[in-house]
Amino acid sequence: MIAILFAKESRRLKNKHSMELCRETMIDRIARILLESGYFKNIILFTRNYSLKSRYAVTDFDRTEGILMDSIIYCIGKYHEFLAVGGDMPYIDRDITGKIVNRYEKHSIAYDSGGFCQPLFAIYSMDIYEPLKEYHRAGGESISNFIRESNMKCIEGTPEKLKSVNTIENLIDAREKLCVH
């Protein structure tokens, strides 16, 4: 299996994926954790930002129309099966990754983060490719709503490990909690 880091540009915290977190960029931290988990043969950074790079991931440039739904549909069509991870989720670790990978049985599965099935910590596979495309063709734009309305399985987990960095306050908090001083 592969892992795909989705790193779209943030309106709230510009260049957050390149910001320093524990002596490495946030994107490098997340990619390294995924690689070191031993669950993935490749890590792919999926982004529109041509200057964003990771030492631990191969870059695939996102040329889709815009919303996350388009990117996920494209990646399912190209890669068939992958763990989608938000490029701004530095709290993930081997344990939470192992929990979803070990529960995956060739049917798409998401991680429930406090009552919310997280679209960017989910394994997508071909079983939802056509239903997702149909949902989108019918005007659906929210991958979260699709997950909720479909038969996609959600497993219960630890919301703290799926926190995103969207503000400078989130970044400061992550530095305080994750970085050994």
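The questions and answers below walk through a predicted model.

Local features here need pLDDT of at least 70, side-chain atom pairs count only at pLDDT 80 or more, and totals for chains, interfaces and linings use all residues. Residues are numbered from 1 along each chain as its sequence is written, and side-chain values use heavy atoms, with hydrogens and water left out.

Visitor: How many disulfides are there?
Guide: A disulfide is a pair of cysteine sulfur atoms within 2.5 Å. Cys22 and Cys179 form one, with sulfurs 2.1 Å apart. Cys117 and Cys154 form another, at 1.9 Å from S to S. The count comes to 2 disulfides.

Visitor: Which parts of the chain does the disulfide of Cys22 and Cys179 link, and how many residues apart are they?
Guide: Helices (H or I, at least four residues) and strands (E, at least two) are DSSP runs, numbered from the N terminus. Cys22 sits in the loop between β2 (20-21) and β3 (24-25). Cys179 sits in the segment after α6 (168-178). These are distant parts of the chain, and the separation is 157 residues.

Visitor: Is that disulfide of Cys22 and Cys179 left-handed or right-handed?
Guide: Look at the torsion about the S-S bond, which is about -95°. With that torsion, the disulfide of Cys22 and Cys179 is left-handed.

Visitor: Is Cys154 buried, partly exposed or exposed?
Guide: Buried means under 20% relative accessible area, exposed over 50%, and partly exposed in between (1.4 Å probe, protein chains only). Its partner Cys117, in strand β8 (residues 117-125), has 17% and counts as buried. Cys154, in strand β9 (residues 153-156), has 28%, so Cys154 is partly exposed.

Visitor: Why is Cys75 too far for a bond?
Guide: Cys75 is buried, with a relative accessible area of 0%. The closest cysteine sulfur is in Cys154. No bond can form because the distance between these sulfurs is 20 Å.

Visitor: Which element gives the largest share of the largest nonpolar core?
Guide: A nonpolar core is a set of buried Ala, Val, Leu, Ile, Met, Phe, Trp, Tyr and Cys residues joined through side-chain atoms within 4.5 Å. The largest has 36 residues, and Leu5, Leu34, Leu83, Ile92, Ile100 and Phe121 touch the most other members. Several elements supply at least two residues each, among them β1 (2-7), α1 (26-37) and β4 (42-47). The largest share, 6 residues, comes from α1.

Visitor: How many residues are in the second core?
Guide: This core is separate from the largest one. Its members include Ile2, Ile4, Ile76 and Leu120. The second core has 25 residues.

Visitor: Which residues does Ser144 contact, leaving aside neighbours within four places in sequence?
Guide: Ser144 is in helix α5 (residues 143-149). At 15% relative accessibility, Ser144 counts as buried. Contact means heavy atoms within 4.5 Å. With those neighbours set aside, Ser144 is in contact with Phe116 and Pro119.

Visitor: Is Gly114 buried or exposed?
Guide: Gly114 lies in the loop between β7 and β8. Its C-alpha atom is separated by 9.8 Å from that of Leu162, 48 residues apart along the chain. At 65% relative accessibility, Gly114 counts as exposed.
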